[in-house]
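Hello,

Here is the structure I promised to pass on to you. Have a look at it first, and then read on for what turned up.

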Amino acid sequence: MSNDYKLQIDNVSMVYRGQGGEDITALKNVNLNIREGEFVSLLGPSGCGKTTLLRLVADLLQPTSGKIVIGGMTPKEARKTRQYGMVFQSPVLYDWRTIRQNICLPLEIMKKSREEQKRLSDEMLEMVGLLDFANRYPYQLSGGMQQRVGIARALAINPKILLMDEPFSALDEFTRNKLQEDLLRIWSKTNKTVIFVTHNISEALFLSDRVCVLTPHPGILSAVVDIDLPRPRTDEIRDTPEFAALLTKIRKCFVGVE
Ligand SMILES: Nc1ncnc2c1ncn2[C@@H]1O[C@H](COP(=O)(O)OP(=O)(O)OP(=O)(O)O)[C@@H](O)[C@H]1O
Ligand SMILES: [Mg+2]
């Protein structure tokens, strides 16, 4: 394994086969290098290939052409050595398991000892601010709290890369903004590489080191915008002229896009 743990997306295209056998080009010649510990967003309208790109990185799909290299490994090797944590739009928690038991599930699969499970789940619960809710069941938690459990579960196995597909899009604006701040705090503590899918410009901008703008038909990486806002970032940054300028800059990338 190389010491240089960058994530390299090299001229990747993805063509699906449609119902009638026709080709659907979801992504075309995408090139992107992501540094270790970087927070990158994939931003674009519905159908531009964001989830496809995330699934390619996660080894849930194979590219039609091009390749992906993760710290010297193929996506398959990276998946098998548990380099990925995944967080989806809905947290997919098991209703019959407590919050702690949900977080422990991947640890059980990895055959961690009971003591190790307790230690790691405590650490994760603490990090997402849910230690007091460890013995509750998912239905007893709000949507935002459930999404935190999803993040805690993804991080429990200590993956190098966190892949997040619109994790906050079902939440109200207040909860969403709070979770964005929480995520940044967790990220700065854990040093993960994060790939975050969203179609919300301000969310991408608030969170990221770089925003990757994808435009559809076919999905093309049409711009990569550096977000040089200072960190740590809190809610107040949303009201600054620098934030507004970046918002305008990214919006312009979508002018003329359906
Ligand atoms: N399994 C599939 N078979 C055929 N076409 C697919 C398949 N999955 C996705 N597509 C098509 O590929 C394109 C990209 O889809 P993808 O789900 O990656 O978009 P997205 O950017 O994640 O959209 P959204 O914001 O709605 O989640 C779309 O045109 C979609 O219809
Ligand atoms: Mg999607």
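Below are some notes on one helix and one sheet. Please keep in mind that this is a predicted model.

Let's start with helix 5, which covers residues 143-156. Its 14 residues reach 20 Å from the first C-alpha to the last, close to the 20 Å expected at 1.5 Å a residue. Is this helix largely enclosed or left open by the rest of the structure? It is largely enclosed, because 12 of the 14 residues of helix 5 are buried, that is, under 20% relative accessible area. Among the buried ones are Q147, R148 and R153, along with M145, V149, I151 and L155. The cover over these buried residues includes two strands, strand 5 (84-87) and strand 6 (161-165), as well as helix 3 (99-109), helix 4 (114-127) and helix 6 (173-190). Just after helix 5 comes N158, with a positive phi of about 55 degrees.

Now to the sheet. Six strands form an open sheet in the order 5-6-7-3-8-9, and their pairing is mixed. Strand 5 and strand 9 (220-226) stand at the edges with a single partner strand each, so one side of each has no neighbour in the sheet. On average, neighbouring strands here are turned by 20 degrees against each other, ignoring direction.

At the strand 9 edge, strand 8 (residues 210-215) and strand 9 run antiparallel and are joined by 6 bridges. If you would like a spot to zoom in on, find R210, which stands opposite D226 in strand 9.

Enjoy exploring!

Best wishes

Notes:
Residues numbered from 1 in each chain as written. Chains lettered and ligands numbered in written order. Predicted model: local features only at pLDDT ≥ 70, side-chain atom pairs only at ≥ 80, totals over all residues. Heavy atoms only, no water. Helix = DSSP H or I, 4+ residues; strand = E, 2+ residues; numbered from the N terminus. Expected span 1.5 Å × (residues − 1). Buried < 20%, exposed > 50% of the residue type's maximum accessible area, 1.4 Å probe, protein only. Contact = heavy atoms within 4.5 Å. Pairing = 2+ DSSP bridges. Axes fitted to C-alpha atoms, helices over the stretch in contact; angles between N-to-C directions.
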